[in-house]
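Trainee: Hi, do you have a few minutes to go through a structure with me? I'd like to pull it up and ask things as they come.

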Amino acid sequence: MSSRDRKKASVHRKLQRLRSVINSPAVNKTSIIVDASRYIEELKEKVEMLNREIGTSTSQNSLPMQVSVETLEKGFLINVFLEKNCPGLLVSILETFEELGLDVLDARVSCEDNFQLEAIGGDNQSNAEGIDAQMVKQAVMQAISKWTENI
């Protein structure tokens with residue numbers, strides 16, 4: 001078998017493999033390539049549609065975030081991290097603290113490239129004693145969700 005025959009056989013095998021991958025009924029080389037081109041366009045459209053759906057669900061649901069709350073002797077250590085700058089979010093979180101009856105005793109906030117909050121909240125009312133770390137975490141996450149709905 002000459003090198004030309006081997007090359008021709010190799011191309012034929014590759015075309016048959018391509019034909020099976022794209023599930024094409026075509027038998028000649030040109031039709032297989034046209035079917036492959038259509039298949040690629042369909043895949044591109046599916047990818048674009050999925051990217052739009054992901055973008056929509058991300059903007060509708062929530063931002064990638066981390067919220068942790070630890071119980072301290074008198075109050076809580078609250079850490080919030082979001083991957084982007086969130087103007088106005090600090091106000092929403094502070095309003096939530098007020099609703100829970102927590103005073104901010106100490107805080108560090110960064111809002112430049114992302115949003116970071118580390119706060120120590122102490123209870124300022126007698127009814128705040130029934131609050132636990134999980135309640136504070138849920139309230140902060142709810143404040144973030146409400147904030148994202150309003151942007």
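Trainee: Which residues in α3 are buried?
Mentor: Happy to help, and keep in mind that this is a predicted model. The buried residues of α3 are Leu89, Ser92, Ile93, Thr96, Phe97 and Leu100. They sit on the same side of α3, because they cover an arc of only 145 degrees around the axis.

Trainee: Why would residues three or four places apart point the same way?
Mentor: An α-helix has 3.6 residues a turn, so residues at that spacing point the same way.

Trainee: OK, and what covers the buried residues of α3?
Mentor: The cover includes the strands β2 (75-82), β3 (102-110) and β4 (115-123), along with helix α4 (133-149).

Trainee: Let me pick Ser92 from that helix. Why does Ser92 count as buried?
Mentor: Its relative accessible area is 18%, and buried means under 20%, so Ser92 falls within the cut-off.

Trainee: And which residues is Ser92 in contact with, leaving aside neighbours within four places in sequence?
Mentor: Ala143 and Trp147.

Trainee: Back to the helix as a whole. How many residues does α3 have, and how far does it reach?
Mentor: α3 covers residues 89-100, which makes 12 residues. From first C-alpha to last it reaches 17 Å, close to the 16 Å expected at 1.5 Å a residue.

Trainee: What comes just after α3?
Mentor: Gly101 does, and it takes a positive phi of about 85 degrees.

Trainee: Switching to the sheet: in what order do the strands run?
Mentor: There are four strands in an open sheet, ordered β1-β2-β4-β3, with antiparallel pairing. β1 (65-72) and β3 are the edge strands, each pairing on one side only. On average, neighbouring strands of this sheet are turned by 15 degrees against each other, direction ignored.

Trainee: How many bridges are there between β3 and β4?
Mentor: Eight, in the antiparallel sense. If you want a pair to click on, Val109 stands opposite Leu117 in β4.

Trainee: Where does α4 lie relative to the strands?
Mentor: α4 lies across β1, β2 and β3, and runs at about 150 degrees to β1.

Trainee: Last topic, Asn23. Is Asn23 buried or exposed?
Mentor: Asn23 counts as exposed, at 68% relative accessibility. You'll find Asn23 in the loop between α1 (3-21) and α2 (29-60).

Trainee: How far apart are Asn23 and Tyr39?
Mentor: They are 16 residues apart in sequence and 9.2 Å apart in space, C-alpha to C-alpha.

Terms used: Residues numbered from 1 in each chain as written. Predicted model: local features only at pLDDT ≥ 70, side-chain atom pairs only at ≥ 80, totals over all residues. Heavy atoms only, no water. Helix = DSSP H or I, 4+ residues; strand = E, 2+ residues; numbered from the N terminus. Expected span 1.5 Å × (residues − 1). Buried < 20%, exposed > 50% of the residue type's maximum accessible area, 1.4 Å probe, protein only. Arc of directions from axis to C-beta. Contact = heavy atoms within 4.5 Å. Pairing = 2+ DSSP bridges. Axes fitted to C-alpha atoms, helices over the stretch in contact; angles between N-to-C directions.
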